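Subject: Structure handover

Hello,

Here is the structure I promised to pass on. Please open it alongside this message.

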Amino acid sequence: MNRRWELDTLRGLMLVLMFVTHLPTRFSSMLGQPFGYVSAAEGFVMLSAFMAGMIYTAKGQRDGLPAMRNAFLARALKVYACHAALLLLLFTVIAALGISRDEPALKNLIGFYLEQPMAGLMGGLLLIYNPPLLDILPLYIMLMLVSPLVLEHGLKRGWRGIFALSIVLWASAQFKISENLYNAFVALTDLQVPYRETGSFETFAWQFLWILGLWMGSATATGAMKNRRPFPKALILACIAIAVPLLLWRYIAGQVPTEGESLINHWFDKWHLGPLRLLNFFALLVLVMHFGEWLKQRIPQFAFLQTLGAASLPVFCVHLVVVLLALSIFGESTPERPVWTDVLLMLSGLGSLYLAAIITLRFDAEANPRPGAAASR
């Protein structure tokens, strides 16, 4: 399929925002959640699902459903290999570096592994133990594994039942369904990994964004999106009325809506994808879809972001390596750290992401030359 530069640009933007948020510098807090109470993770998961739905639906129509299922499995295995490599790097080189420098940030990040190395290693490889920063790829793997069944059902029987179940699971996630199921599983198996070490993302909540993106991508591939009606003007105004105040609130109150524990904070919770956070996301999504074509014709094409977005998986992995190295060497950000150190960390890190993207795309081009490319040289 021909690449769509606007999708690559959006994915590149999400990757940069995640990197800026995760890198331990003074810029993290001011640049995290820049569009309201929605993070880059929501956008990245949604875009990944959209691309999966669009690409694999087209493959299923062209090569058959068995080929589509095999393609999903191959992609999931590739992501798993990346995740396993990151885990091994974290548990060996990064851990040794952080311990030798006595960096609390790194030791806290892998505290369970340091206490129980074998349980941590086996739990990590089984996608049960997920240290902070390394918990989104396991979510991605699990969603990729169930996607062929979802996509095949949607193509054959429609999406209403799928969305009904997805909404029920999201609602259940607001009441700690995963924790309760996990505790029951631990009681039966005597699993040694505590629930708090299984990752921050609530799977039953985040699957809803994946299902939504998968459906939108599939509808795009089948041509159904071309026939959709424009959003009503009242809906656009309502979305603006939601998005603008929440954007202002985010920069007035900070990344947490209110101080202390409150119901409002729970409704904006990132990990459980709280209802008000989801409302904020939907408002932004509608506005992007409504003004997308207008923006596409007027904004310049940022080659840097396009390149990152076109090689999203390697770039995401390199971003984690850079962040983990920064944590093991420099630790958490402090006001005492010179500004130039943070600037150098940021620029060198972004350079590393871009270099990884360039190398990946060059290898891909050599492995999969376009028809007629040799004749055009």
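Below are the findings, grouped by site.

First, a caution: this is a predicted model.

Salt bridges

The count comes to 12 salt bridges. Asp 342 is a good place to start. Asp 342 forms a salt bridge with Arg 26, with the closest N and O atoms 2.8 Å apart. That pair links distant parts of the chain. Asp 342 sits in helix α17, which covers residues 339-367. Arg 26 sits in the loop between α1 (5-22) and α2 (28-31). The two residues are 316 residues apart.

Asp 342 also forms a salt bridge with Arg 337. Here the closest N and O atoms are 2.9 Å apart. How buried or exposed are these three residues? Asp 342 has a relative accessible area of 0%, so it counts as buried. Arg 337 is buried too, at 9%. Arg 26 has a relative accessible area of 23% and is partly exposed. The cut-off for buried is under 20%, which is why Arg 26 falls outside that class.

Now look at Glu 6. Glu 6 forms a salt bridge with Arg 4, and their closest N and O atoms are 3.0 Å apart. Glu 6 counts as buried because its relative accessibility is 16%. Arg 4 counts as partly exposed, at 34%. Which residues make up the network here? Arg 4, Glu 6 and Lys 296 are linked in a network of salt bridges.

Asp 269

Asp 269 lies in the loop between α13 (263-267) and α14 (275-296). Asp 269 is buried, yet has no salt bridge. How far away is the nearest side chain of opposite charge? That side chain belongs to Arg 277 and is 7.2 Å away. A salt bridge needs the nitrogen and oxygen within 4 Å, so the Arg 277 side chain does not qualify.

What does the side chain of Asp 269 reach? It reaches the backbone nitrogen of Trp 271, at 3.2 Å. Leaving out residues up to four places away in sequence, Asp 269 touches Gly 274 and Arg 277.

Asp 135

The place of Asp 135 is in the loop between α7 (117-125) and α8. Asp 135 is buried, because its relative accessible area is 8%. Its side chain reaches the backbone nitrogen of Ser 200 at 3.0 Å. Ser 200 is also among the residues that Asp 135 touches, once residues up to four places away in sequence are left out. The others on that list are Asn 130, Gly 199 and Phe 201. Gln 116 is 19 residues from Asp 135 along the chain, and their C-alpha atoms are separated by 19 Å.

The cavity

How many cavities of 30 Å³ or more does the structure hold? It holds one. The largest cavity has a volume of about 60 Å³. Its lining includes Phe 44, Val 45, Ser 48 and Trp 210. Ile 136, Leu 137, Leu 139, Tyr 140 and Leu 143 also line it. Both α3 (40-63) and α8 (136-157) supply at least two residues of the lining. Which helix gives the largest share? That is α8, with five residues.

Over to you.

Best wishes

Methods:
Residues are numbered from 1 along each chain as its sequence is written. This is a predicted model: local features need pLDDT of at least 70, side-chain atom pairs count only at pLDDT 80 or more; totals for chains, interfaces and linings use all residues. Side-chain values use heavy atoms; hydrogens and water are left out. Helices (H or I, at least four residues) and strands (E, at least two) are DSSP runs, numbered from the N terminus. Buried means under 20% relative accessible area, exposed over 50%, partly exposed in between (1.4 Å probe, protein chains only). Lys and Arg count as positive and Asp and Glu as negative; His and the chain ends are not counted. A polar contact is a pair of N or O atoms within 3.5 Å; within protein, one must be able to donate a hydrogen and the other to accept it, and residues adjacent in sequence count only if both atoms are side-chain atoms. Contact means heavy atoms within 4.5 Å. On a 1 Å grid over the protein atoms alone, a cavity is a set of points where a 1.4 Å probe fits but cannot get out, and a pocket is an open set with protein on both sides within 12 Å along at least five of seven lines; lining residues have an atom within 4 Å of a point. Grid points are joined across faces, edges and corners, and a volume is the space filled by probe spheres set on the points.
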